[in-house]
Amino acid sequence: MADTPESTDAPASDAPAASSRSADPARSPAALLGVIALILVVGIGGFLYSKSQLPQPDEERDKALLGFGDPVENTLNERYTDADGDLVADAPTSADAMLDPDVVYFSYLHGGVSNVDASVFQTVLLPALEQATGKRFAYLKDLDNEQAQLVALRDGELHVTAVNTGAVPLAVNEAGFVPLATPGDETGPNQYKSVIIAPAASGVSTLEDLRGKTLVVTRPNSNSGYKAPVLMLMDKNMSPVGQRDFEIVYSYGHEESIARVKSGNCDAAAVASDLLAAKVAAGEIAEADFRVVAESAPFPPITFGVSHRLNPEVTAKVTEALMGLSLGDGSPLSSQIAGGASGMTPVVYKDAFAAVRQIDNRFGQKHALPEADEAEPAAQGG
């Protein structure tokens, strides 16, 4: 049997083996502190870099996006004259500059968009205007937005129209609109307010409670659904631009804003008080569903008027016909324009729209319309 070879292993030492933990320099306390410091430096640097790539507070950018800026002083466009100082364009002095069309066109866009029932006006209002003036009236169709409506008025394609409250100063200054009448009763014109309402279950009960929250508004040109309520918050030193004390979300309609409050799907919303009252009366929202947070001063409602270029004799007869309209219960027109009015009352633009003009000026909304070659032509209606 062959001899077993000797082992090459070193003999065991009687001394204890050195600790492998203390022998590993990478695991020393100093090294661990270095690693932690490196992680912190890298982490903070990455955070700062990522933050620098995000949009930073920009007041001018926000103003442009939200449609307002520094205060302005809107006045009648220089193409018009105002000899009597009523802030409304004078009728032309030359017969050649007047409009005396064989077919007089009318239109109305509720809330700035074409969502009205034109057939109501075609079957009720236009026949009354025809009888009073002896002229044929037609509804100007395919005006999809407020701007198109006012451009058509300025350019002589639209002659008689109804304009929402917030757009009346713009219509007067830039389109030569002459306000004539507004819904009301024997006591005077109807009035409404801008109200900020919150879901009853929300914690919002004052304007200050909206700090850090979201306000639902309708659309940028709306007086009650956007401009007036935003200014109410700004008067409380709360701004939607720059560092943003509150955020703005558009609903593009009072009905949608009210629906969001009913469902609790918002912090608060700005709506017109007369439309809110109508929704309550119709049972579409209950008073128990919401809380009134704030309300504005009163404003006049929808306003009917004519182009300043319309033949003054025709304008006088249109005014007479408007004053003879019945808007009481049972009138088809009441669902479109009345808001509880029994008929029409005269409106004095200089006085009735002073607060609306002030809001536009404070909001920094400079009145302007695109030139004729920049705007799409209005389609003719029947």
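Select residues 214–217, which form strand β7, and then strand β8: the two pair in the parallel sense over 4 bridges. The model in the viewer is a predicted one. To see one of the pairings, pick Leu215 and look across to β8, where its bridge partner is Ile248.

Next, widen the view to the sheet that holds these strands. It is an open sheet of 5 strands in the order β8-β7-β9-β6-β10, and its pairing is mixed. Colour residues 247–250 (β8) and 290–295 (β10): these are the edge strands, and each pairs on one side only. From one strand to the next, the twist averages 30°.

Now go back to β7 and look toward β9. These two strands run parallel and are joined by 2 bridges. Keep Leu215 selected, and find Ala268 of β9 standing opposite it. Leu215 therefore serves as a landmark twice, as it has Ile248 as its bridge partner in β8 and Ala268 opposite it in β9.Move on to β9 and β6. Here the pairing is antiparallel, over 4 bridges. Select Ile196 and look for Ala270 of β9, which stands opposite.

Stay with β9 and show its side chains. Is this strand mostly covered or mostly open? It is mostly covered, with 5 of its 5 residues buried. In a regular strand, side chains alternate between the two faces of the sheet. In β9, Ala268, Ala270 and Ala272 lie on one side, Ala269 and Val271 lie on the other, and all are buried, leaving both faces covered.

Turn next to the helix on the sheet. Select residues 223–234, which form α7. This helix packs on the sheet and touches β6, β7, β8, β9 and β10. Show β6 (194–199) beside it: the direction of α7 makes about 80° with that of β6.

The last stop is the loop between β7 and α7, where Pro220 is found. Is Pro220 buried or exposed? It falls in between: its relative accessible area is 30%, so Pro220 counts as partly exposed, because buried means under 20% and exposed means over 50%.

Which residues does Pro220 touch, leaving aside those up to four places away in sequence? They are Tyr226, Lys227, Tyr250 and Gln365. To finish, select Phe68 together with Pro220. They are 152 residues apart along the chain, and their C-alpha atoms are separated by 8.9 Å.

Conventions:
Residues are numbered from 1 along each chain as its sequence is written. This is a predicted model: local features need pLDDT of at least 70, side-chain atom pairs count only at pLDDT 80 or more; totals for chains, interfaces and linings use all residues. Side-chain values use heavy atoms; hydrogens and water are left out. Two strands pair if DSSP finds at least two bridges between them. Axes are lines fitted to C-alpha atoms, for helices over the stretch in contact, and angles run from 0 to 180 degrees between N-to-C directions. Contact means heavy atoms within 4.5 Å. Buried means under 20% relative accessible area, exposed over 50%, partly exposed in between (1.4 Å probe, protein chains only).
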